[in-house]
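Grab a coffee and open the viewer: here are a few exercises to work through at your own pace. Each has a task and a solution that goes step by step.

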Amino acid sequence: MAEPLRTVVADDHYLVREGTRRLLEMSGEIVVVGAVGNADELLDAVRRLTPDVVVTDIRMPGGQWRAGFEGIDAAHRVHAEHPGIGVVVLSQYADALFAFELFKHGTEGFAYLLKDRVGDLEELLGAIRAVATGGSVIDPKVVEGLLARRDVREEQEELTPRERDVLREMARGRSNGGIARALHLSISSVEKNVNAIFTKLGLENSADVHRRVAAVLAYLGP
């Protein structure tokens, strides 16, 4: 059995912070080694405890941080000082601009999830597992919103409904096998759709999860 992932949780609301801590520890996959209330405390905890993963709220007022971006700025600082530590940012904002802000320097080891994912333990654990190994995740609701309003100028660039389904699962950080199970498809069918997506977007195929999420962002970007 794999060792539990050592995690620091950051949220300025005590009840949310403790609820997240207890939920994660109940899974048996996570040991919460620290629970803090702001970005300064988060950086201190990371330096002292060297966790595998950080789970942080996007907003934690106070300190010398950009208002509303405290969690994202702290995530970038964590990566700058400790590149091997994964970071999951929990946000109430479905606006993709916040996700792009998190991923602007690269996607590896970052996840952007809406806060309601805390109630979906498997979704949250999946993101934690992904960033712990250098993968990336972007919330499917963010992807869905962008897909709904993206202006596709060339008819041949349009993705089929099935390709869009696969794109959403790619955004979750799933492998081809994971996509196949989620969508009840064969591996060969998933591979065909993934290749079609990369071909239509003019992007080089890659087995690396963080590169797949980077492709999603490239497609959905402004």
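## Exercise 1: A chain of charges

Arginine 66 and aspartate 73 are joined by a salt bridge between their side chains, 2.7 Å from N to O. Here a salt bridge is a side-chain nitrogen of Lys or Arg within 4 Å of a carboxyl oxygen of Asp or Glu. Before you go on, note that this is a predicted model: local features need pLDDT of at least 70, side-chain atom pairs count only at pLDDT 80 or more, and totals for chains, interfaces and linings use all residues. Residues are numbered from 1 along each chain as its sequence is written, and side-chain values use heavy atoms, with hydrogens and water left out.

**Task.** Which residues are linked with Arg66 and Asp73 in a network of salt bridges?

**Solution.**
- Step 1. Look at lysine 104 and glutamate 101: their side chains also meet in a salt bridge, at 2.8 Å from N to O.
- Step 2. Put the pairs together: Arg66, Asp73, Glu101 and Lys104 are linked in a network.
- Step 3. Check the cover, where buried means under 20% relative accessible area, exposed over 50%, and partly exposed in between (1.4 Å probe, protein chains only). Aspartate 73 is buried at 16%, and glutamate 101 is buried at 16%. Arginine 66 is partly exposed at 36%, and lysine 104 is partly exposed at 45%.

## Exercise 2: A bridge between helices

**Task.** Find the salt bridge of arginine 47 and say which parts of the chain the pair links.

**Solution.**
- Step 1. The partner is glutamate 81, with the closest N and O atoms 2.8 Å apart.
- Step 2. Arginine 47 sits in helix α2 and glutamate 81 in helix α3 (residues 70-81), so the pair links distant parts of the chain, 34 residues apart; helices are DSSP runs of H or I with at least four residues, strands are runs of E with at least two, and both are numbered from the N terminus.
- Step 3. Arginine 47 is partly exposed, with 43% relative accessible area, and glutamate 81 is partly exposed too, with 34%.
- Step 4. For the overall tally, the whole structure has 16 salt bridges.

## Exercise 3: Inside the core

**Task.** How many residues does the largest nonpolar core have?

**Solution.**
- Step 1. Start from the meaning: a nonpolar core is a set of buried Ala, Val, Leu, Ile, Met, Phe, Trp, Tyr and Cys residues joined through side-chain atoms within 4.5 Å.
- Step 2. The largest core has 46 residues, and Leu102 is one of those with the most contacts inside it.
- Step 3. Setting aside neighbours within four places in sequence, leucine 102 is in contact (heavy atoms within 4.5 Å) with residues including Ile72, His76, Val89 and Tyr112.
- Step 4. A second, separate core of 18 residues includes Val118, Leu125, Ile128 and Ala130.
- Step 5. Now follow histidine 76, which lies in helix α3 and is buried, at 16% relative accessible area. Beyond its neighbours within four places, histidine 76 is in contact with Glu101, Leu102, Lys104, His105 and Phe110.

## Exercise 4: The two faces of α9

**Task.** Which residues of α9 are buried, and which exposed residues are carried on the face turned away from them?

**Solution.**
- Step 1. Val190, Asn193, Val194, Ile197 and Phe198 are buried in α9.
- Step 2. These residues cover an arc of only 135° around the axis, which puts them on the same side of α9; the arc is taken over the directions from the helix axis to the C-beta atoms.
- Step 3. An α-helix has 3.6 residues a turn, so residues three or four places apart point the same way.
- Step 4. The face turned away from the buried side carries the exposed residues Lys192 and Thr199.
- Step 5. Just after α9 comes glycine 202, with a positive phi near 65°.

## Exercise 5: Unusual backbone angles

**Task.** Where does threonine 50 lie, and is histidine 184 buried or exposed?

**Solution.**
- Step 1. Most residues other than glycine have a negative phi.
- Step 2. Threonine 50 has a positive phi of about 40° and is in the loop between α2 (39-49) and β3 (53-57).
- Step 3. Histidine 184 also has a positive phi, near 60°; histidine 184 is in the loop between α8 (176-183) and α9 (187-201).
- Step 4. Threonine 50 is partly exposed at 46%, while histidine 184 counts as exposed at 73%.
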